[in-house]
Amino acid sequence: MDLTDAGFEVDHADSAMNGLIKAREEQPTLILLDLGLPDFDGGDVVQRLRKNSSVPIIVLTARDTVDEKVRLLGLGADDYLIKPFHPDELLARVKVQLRQRTTESLTMGDLTLDPQKRLVTFKGEELRLSPKEFDILALLIRQPGRVYSRQEIGQDIWQGRLPEGSNVVDVHMANLRAKLRDLDGYGLLRTVRGVGYALRG
C-alpha cells in the first residue's frame, strides 16, 4: 500500500514459485523478496533470478545475522532490510536501487535528460535547473503523458516530508515551466487542474 501510494505499480506473489513465474513473464523493474516463503528458501529464489536477470532485489527478513546478510548478498541480492522497518526506509531504498540502475539518457522529442551528468538540454541548449527541478523533470520524463498528482511528486522527491497544504511542489513546477518557456518549451509541461502535472508525450 505504501509503494502504491508513492506511485509505484505493485504486483504480489504468495509463494516462491509464483514469484519466479511472475518475474519471468512480467519482467518487473525491482523485486522485494520476503524470505518467509511457504515453498522454498529465499536464497534459492535469488540464485534462480540471477541466472537470467539483473533486476534489483531487496531482501526483507527478520534474520538479523551478519552471516545471513553476507550469504544473501553473495548470492546476488542488492540490499537487505531487517523487519520491522519503517515504510519510509523501504521507499528510500527502493528509490536508491532504481536510481542506480537509471544511467541511460532519457529523451522526449527535443528534451534530453542525462541522469549521470545531471544535465538537461532542450533543442541542444542546456536547461539550468535546481536539484529538485531536475529530480521532478526526471520523474515526469520517465512516463511522458502520465499525470502525477502533487502528492505523488511530493512523496517521490521529498519522501513525503512536505507538510499538508504546502505549495512547494507548485512553486517548483512554476519555476520549471518558466525555464522551459525561456527556451521555447512552454507547452511541454501540462497542468491538469485539480489533478497534477505531466509532460506532453
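Is Gln 97 buried or exposed? In this predicted model, Gln 97 is buried, with a relative accessible area of 6%; the cut-off for calling a residue buried is under 20%. Its place is in helix α5, which covers residues 87-101. If we leave aside neighbours within four places in sequence, Gln 97 is in contact with Leu 30, Pro 56, Ile 58, Asp 78 and Asp 79.

Gln 97 also falls inside a stretch with a record behind it. An unreviewed UniProt entry carries the annotation "domain: Response regulatory" for residues 1-98. In the model, that span is 47% helix and 13% strand, and its end C-alpha atoms lie 19 Å apart.

Now to the nonpolar cores. The largest one has 28 residues, and those with the most contacts inside it are Leu 111, Leu 113, Val 120, Ile 136, Leu 137, Ile 153 and Leu 199. The elements below each give two or more residues to this core.

| Element | Residues |
|---|---|
| β4 | 106-108 |
| β5 | 111-114 |
| β6 | 119-122 |
| α6 | 131-141 |
| α7 | 150-158 |
| α8 | 168-182 |
| β10 | 196-199 |

Helix α6 gives the most to this core, with seven residues. Apart from this core lies another, of 16 residues, including Leu 20, Ile 31, Phe 40 and Ile 57.

For a closer look at one residue of the largest core, take Leu 113. Not counting residues up to four places away in sequence, Leu 113 touches Ser 105, Leu 106, Leu 119, Val 120, Phe 134, Leu 137, Ala 138 and Ile 141.

How do α6 and α8 meet? Their axes come within 10 Å and cross at roughly 80°, so α6 is roughly perpendicular to α8. On the α6 side the contact is made by Lys 132, Glu 133, Ile 136, Leu 137 and Leu 140, and on the α8 side by His 172, Met 173, Asn 175, Leu 176 and Lys 179. By type, the residues of this contact divide into five nonpolar, two polar and three charged. Two of the α6 names here, Ile 136 and Leu 137, are also listed among the residues with the most contacts inside the largest core.

Helix α7 deserves a word too. Seven of its nine residues are buried, so α7 is largely enclosed by the rest of the structure. The buried ones are Glu 152, Ile 153, Gly 154, Gln 155, Asp 156, Ile 157 and Trp 158. After α7 comes Gln 159, whose phi is positive, near 50°.

How values were computed: Residues are numbered from 1 along each chain as its sequence is written. This is a predicted model: local features need pLDDT of at least 70, side-chain atom pairs count only at pLDDT 80 or more; totals for chains, interfaces and linings use all residues. Side-chain values use heavy atoms; hydrogens and water are left out. Axes are lines fitted to C-alpha atoms, for helices over the stretch in contact, and angles run from 0 to 180 degrees between N-to-C directions. Helices (H or I, at least four residues) and strands (E, at least two) are DSSP runs, numbered from the N terminus. Angles under 35 degrees count as roughly parallel, over 145 as roughly antiparallel, 65 to 115 as roughly perpendicular and the rest as oblique. Contact means heavy atoms within 4.5 Å. Ala, Val, Leu, Ile, Met, Phe, Trp, Tyr, Cys and Pro count as nonpolar, Asp, Glu, Lys and Arg as charged, and the others, Gly among them, as polar. A nonpolar core is a set of buried Ala, Val, Leu, Ile, Met, Phe, Trp, Tyr and Cys residues joined through side-chain atoms within 4.5 Å. Buried means under 20% relative accessible area, exposed over 50%, partly exposed in between (1.4 Å probe, protein chains only). UniProt positions are given in the numbering used here, feature names are shortened, and annotations may be inferred rather than shown by experiment.
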